[in-house]
Every structure is written in structure tokens, then in C-alpha cells.
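Colleague: I have a chain open here and would like to talk through how it is put together. Could you take me through the sheet, the core and the charged pairs?

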Amino acid sequence: MKVSVTANYFDLSDKDLKQMSQLGVDCVDFGNGSSFPGVKEQGYPDLDALLKQKRRIRSWGLDINRVTLPNITTNFMNDGIGSEVEIENAVNAIKVFGEAGIKIVRQRFAGDVFPGLTTTYQAYQRGGVISRGESLGFTKEKAITPTLDESLKWREKFKEVYRQLVQTAEDYEVKIGMHPSDTPNPDTPFGGLGYHRIIDEFPNKNVGYIYCVGTRAEEGGSSLVLDEINHYGRKGRLFLIHFRNVRGSLATTKAFEEALLDDGDLNMFKILLELKKVGYDGCINPDHVPIMEGDLPDTDVNWSNSNIGWSSSSIGFAYSVGYIKAMLTALHEFSG
């Protein structure tokens, strides 16, 4: 297993890459599909610019692991006029990434989460560390969620996109990994049940998961995470692991808080043991890193209580990467 970090901007500085290299990061995951040169101009990334950046990243001893396709927006999911171009852009993006030798992509879909069901708050933990918290109980007026018929229609639009993406991904030897719905409220498209359905609907081996330990723990805690890793891992469908610890879950406390890797409810070493048991050999990515003294909040205001993407000189990222690398070393010694 290797270590990757998510960058939500394409133009990584020498400082960014130097610090990643110094920390022993192996790979970069690009989390923002619109950040690639060419997307705003033509709808999909420019191959030459991508190859130039890939060579630059590799010159620091790193590589590109996972990228994000242009978003599928609300306009498409609601059958907006002219929105079919969004599928074309996503298909063309897969072709570009495939030609660049990048093997894992993610497609984002508008409507895969239900905002307004929980209340987000700023949690304070060990030594004043700031993290994201969400509570069902604090929300007294719940937002309206889709009906069964609306959910089925959404699923058909999802499958319409995936049918074309999967065919192209197979042609270009690219894997499509889906991230679970975060927050995993009941009936979200990629909550526990909907997440399982992806590989039922698309049994192609190029279809699988960007499995987020934290998000799935939000729904059901440690036992759910270990069971799902075993289930998906035995099928070879785990393409990337987002490695995040949490306290509480929607099932147990009706709330959860993200936590530092050694300070939540989950035993993260047990999770690595389970990943090794099922033969996982991809990247471990510390995401939603709590904010430590001296760190700046994430530039995305929707995630202001944690850092979802890489930030140079981030104490939280340095801590998380070091913790993961130490556990990987121990895992090797422990299990051979």
C-alpha cells in the first residue's frame, strides 16, 4: 500500500511538491474536475497540459493516482436542454486520462447527498483541534427529501451516464471509483444500499469504489466498515481508500464528529489489517483532516471545519501522513 493526498487545485507549486516528497507521499489525487486546464474552454482536460504536469509531479518522485471527471450537474439530472453534452465531456475526459496513463477516475453527480437533514457544527477535540461535526438532533425542521419515484428517476439518470462511462473506461483501461454519499443519510443514492447497487448494476471489473472509511463509519461505525471492506475487497472493487476516523455515528448517537487518526472510535490499524487480508495494494489517502493550531481552514466554505484538500505547511496533513506511514511499516513487520 502507498500514501496519496488530495489536491483540489491543478497548479501545484514547487513548495507543495517538495513538502509532499519530504513527507514521503507517493501519489497525488486530484479532487476537483474543473481545475484541469481545458475543462472551462472545451469541457474536458487538455492532454498536453496534463502530461506536462504529470512529468513535473514525477520529477519529485510522485505520481498521479486518481483524478476527477467534469461534474454531472443538476441540469443534466433534471433533463435540462442541451445537458447531454455533460456525458460527452465526461467520456472525453476518460479518454484523455487514459491516454495520459492515469488509471482511476471519479464521477461526481449532483443530488447524491441530501443537505438540510443535519446541522453542521464546529467540534473541539484534543488540545482544541477543530473538526467537522453533524447532528440530526439539532435540526428541528428537516429539509424535504426525494420521493421513491424521484429517487428511481435519479437512479436511471445515473445509469444513463455510467453505461457510457464504463464502456469508455474499459476501452482505455481506466477504473471508475465512486465515493459514498457524505453525509450518508437514509435513502441517499450512495448510502449503504445504493452504494452496493453500483456493482450489481455494472458488474464490469473496471467499476468499483473510492471507499471512504470515515463516511461509511458515519453511517454505522467500525463493524460496518470492516464488513464492507471485506465484502468489496474480496471482489477486487476497492480502488482507493479515504482514511478518516470519526466519533459517533448516525446509527448510534444521531451525530458524528471527524477526528484525528488516533483519536476516534475506529482502530485504524485493524482497518489496514483487513485491507491487507483482502489483498488491497492501492493508495491510503488521509482526507478531511482536522484543523490543528497554525493550520488554515479549507478554502471551500462548505468544509470550513476540516481540510478536505492538501494545504502546504499543514500540520494536520503532516501528522496524518506520518501516522499512516508508521502504521504501514508496522503492518509489514506484523504480517510480513
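Modeller: Two strands are taken as paired if DSSP finds at least two bridges between them. Please keep in mind that this is a predicted model.

Colleague: Fine, so in what order do the eight strands close into a barrel?

Modeller: The order is β1-β2-β3-β4-β7-β8-β9-β12, and the pairing is parallel. On average, and with direction ignored, neighbouring strands of this sheet are turned by 30 degrees against each other.

Colleague: And how many bridges join β9 to β12?

Modeller: Three bridges join β9 to β12, which covers residues 283-286, and these strands run parallel. Phe 243 has Pro 286 as its bridge partner in β12. On the sheet packs helix α3 (residues 47-58), which touches β2 (27-30) and β3 (63-68), and the direction of α3 makes about 140 degrees with that of β3.

Colleague: Switching to the core, which residues have the most contacts inside the largest nonpolar one?

Modeller: Those are Phe 30, Tyr 162, Tyr 211 and Phe 243, in a core of 76 residues. As general background, nonpolar side chains tend to be buried together in soluble globular proteins.

Colleague: What is Phe 243 in contact with, leaving aside its neighbours within four places in sequence?

Modeller: Its contacts include Leu 261, Met 268, Ile 271, Leu 272 and Ile 284, and also Asn 285, Pro 286 and Asp 287.

Colleague: Now the charges: how many salt bridges are there?

Modeller: The count comes to 22 salt bridges. One of them joins Arg 126 to Asp 263, with the closest N and O atoms 3.9 Å apart. That pair links distant parts of the chain, since Arg 126 sits in the loop between β5 and β6 and Asp 263 in the loop between β11 and α9, 137 residues apart.

Colleague: Why does Arg 126 count as partly exposed?

Modeller: Because its relative accessibility is 40%, and partly exposed lies between the 20% and 50% limits.

Colleague: What about Glu 258 and Arg 132, buried or exposed?

Modeller: Both are buried, and their side chains meet in a salt bridge at 2.8 Å, N to O. Glu 258 lies in strand β11 and Arg 132 in strand β6, so the pair ties together parts 126 residues apart in sequence.

Colleague: Which residues are linked with them in a network of salt bridges?

Modeller: Arg 132 and Glu 258 are linked in a network with Glu 134, Asp 182, Glu 218, Arg 244 and Asp 287. Within it, Arg 244 forms a salt bridge with Asp 182, their closest N and O atoms being 3.5 Å apart, and both of these residues are buried.

Notes: Residues are numbered from 1 along each chain as its sequence is written. This is a predicted model: local features need pLDDT of at least 70, side-chain atom pairs count only at pLDDT 80 or more; totals for chains, interfaces and linings use all residues. Side-chain values use heavy atoms; hydrogens and water are left out. A nonpolar core is a set of buried Ala, Val, Leu, Ile, Met, Phe, Trp, Tyr and Cys residues joined through side-chain atoms within 4.5 Å. Buried means under 20% relative accessible area, exposed over 50%, partly exposed in between (1.4 Å probe, protein chains only). Contact means heavy atoms within 4.5 Å. A salt bridge is a side-chain nitrogen of Lys or Arg within 4 Å of a carboxyl oxygen of Asp or Glu. Helices (H or I, at least four residues) and strands (E, at least two) are DSSP runs, numbered from the N terminus. Axes are lines fitted to C-alpha atoms, for helices over the stretch in contact, and angles run from 0 to 180 degrees between N-to-C directions.
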